[in-house]
Amino acid sequence: MIELWFVIIAFLWTGYFVLEGFDFGVGMLAPFISRGAAEQRQALQTIGPVWDGNEVWLISAVGAMFAAFPAWYAGMFSSFYLPVALVLVGLIVRGVGLEWRGKVTNTFWCDAGIVAGSALPAFLWGAVFADMLFASGLAALLGGVFSLVVSVLHGAVFLALRTDGPLRRRARTAALAASGLAVPVGVLALSQVGGMGGMSGAGGVGGTVGTVAALGGAVALAAAVALIWRRREGWAFAATAGAIVLASVAVFMELAPMPLPGLTLAEAASGPYTLTMLSWIGLITLPFVLLYQGWTYWVFRKRVLVPA
């Protein structure tokens with residue numbers, strides 16, 4: 001039961017990183033690759049129907065940690081109180097910018113808030129998880145830069161997939177430019193995880209799976225570049241999403257035996273009764289959440305054109 005809930009939490013965090021990753025990337029890129037207010041609206045409309053729903057994955061991941069592994073939750077969010085508080089500030093500022101942008105005359109501060117509120121969480125989440133693995137400022141910086149540049153690449157590919165016209169062409173150019181940094185940084189960052197240097201020292205099958213996942217993530221990043229170059233935006237988006245998934249798998253495999261220094265999963269977990277009740281609740285609610293979000297993406301699957 002303990003291992004099952006660790007997998008569920010890893011799944012929730014991974015879903016958050018994939019879905020909010022392109023939200024963050026679009027938020028950071030929109031003012032810089034748009035030419036005029038119409039294209040800016042076109043870019044932001046690609047995430048307009050889904051960005052707030054994507055944040056539900058963060059709430060679910062944190063809530064599951066609180067219920068299933070209270071000691072891990074307490075240790076993580078107390079040790080990283082400042083960066084997590086800044087993440088919340090960034091998410092609030094971004095949300096305000098997205099909601100107010102269509103209701104004010106001067107949109108400069110809204111756009112600035114969207115960019116800052118997207119860049120801050122994108123960087124800080126990578127820094128937090130890297131620091132959990134290595135307890136090193138340099139590793140945290142590398143992890144933050146990795147998650148930031150991969151989010152930019154992921155968002156650029158998403159824009160190329162969901163828009164048309166000049167914005168689509170610029171998004172493809174932005175993706176190719178971002179890949180020039182994302183691929184080498186990704187290879188460097190992923191070489192440090194997956195049983196190849198973390199504090200927890202994941203070994204055996206877990207270390208092997210983490211290592212394979214890290215290598216696969218690096219390959220997926222390189223594949224995304226080739227696919228976007230060939231104008232295969234759908235497959236390129238699948239590749240960037242796959243790179244994020246595999247990077248997350250590598251990180252959580254490294255965390256599996258000991259999510260915090262001196263704290264094993266068994267020590268961090270709630271009692272058997274709590275985990276059993278959580279399993280029944282998750283079994284009932286999780287399928288509905290997945291179905292609803294899948295339906296939302298299906299409804300808004302068409303390309304966004306320049307507003308009239």
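Start by colouring residues by burial: in this predicted model, 51% of the 308 residues are buried. Then switch to a surface view. The accessible surface comes to about 13900 Å², and 74% of it belongs to carbon and sulfur atoms.

Now go to cartoon. You'll find 13 helices and 0 strands, so to speak an α-only read from one end of the sequence to the other. The radius of gyration is 19 Å, close to the 19 Å that the globule rule gives for 308 residues, so the protein is as compact as a globular protein of that length. Turn the C-alpha trace onto its principal axes and it spans about 60 × 35 × 35 Å.

Next, select the largest nonpolar core, which has 94 residues. Which of its members touch the most others? Show Trp 13, Phe 69, Trp 72, Met 76, Trp 125 and Phe 129 as sticks, as those are the ones. Then highlight helix H1, residues 2-33: this helix gives the core its largest share, 18 residues.

Zoom in on Trp 72. Setting aside neighbours within four places in sequence, its contacts include Phe 6 and Ile 9, then Met 65 and Met 132. Carry on to Phe 252, Leu 255, Pro 259, Leu 260, Leu 263 and Ala 268, which also contact Trp 72. For the wider picture, take contacts between residues at least 6 apart in sequence: 80% of these join residues at least 24 apart.

Last stop: select the charges. There are 16 positive and 13 negative ones, and their mean positions lie 18 Å apart.

Definitions and conventions: Residues numbered from 1 in each chain as written. Predicted model: local features only at pLDDT ≥ 70, side-chain atom pairs only at ≥ 80, totals over all residues. Heavy atoms only, no water. Helix = DSSP H or I, 4+ residues; strand = E, 2+ residues; numbered from the N terminus. Rg over C-alpha atoms; globule rule 2.2 N^0.38 Å. Buried < 20%, exposed > 50% of the residue type's maximum accessible area, 1.4 Å probe, protein only. Contact = heavy atoms within 4.5 Å. Areas by Shrake-Rupley, 256 points an atom, 1.4 Å probe, with all protein chains shown as cover. Lys, Arg positive; Asp, Glu negative; His and termini not counted. Charge placed at Lys NZ, Arg CZ, Asp CG, Glu CD. Core = buried A, V, L, I, M, F, W, Y, C linked by side-chain atoms within 4.5 Å.
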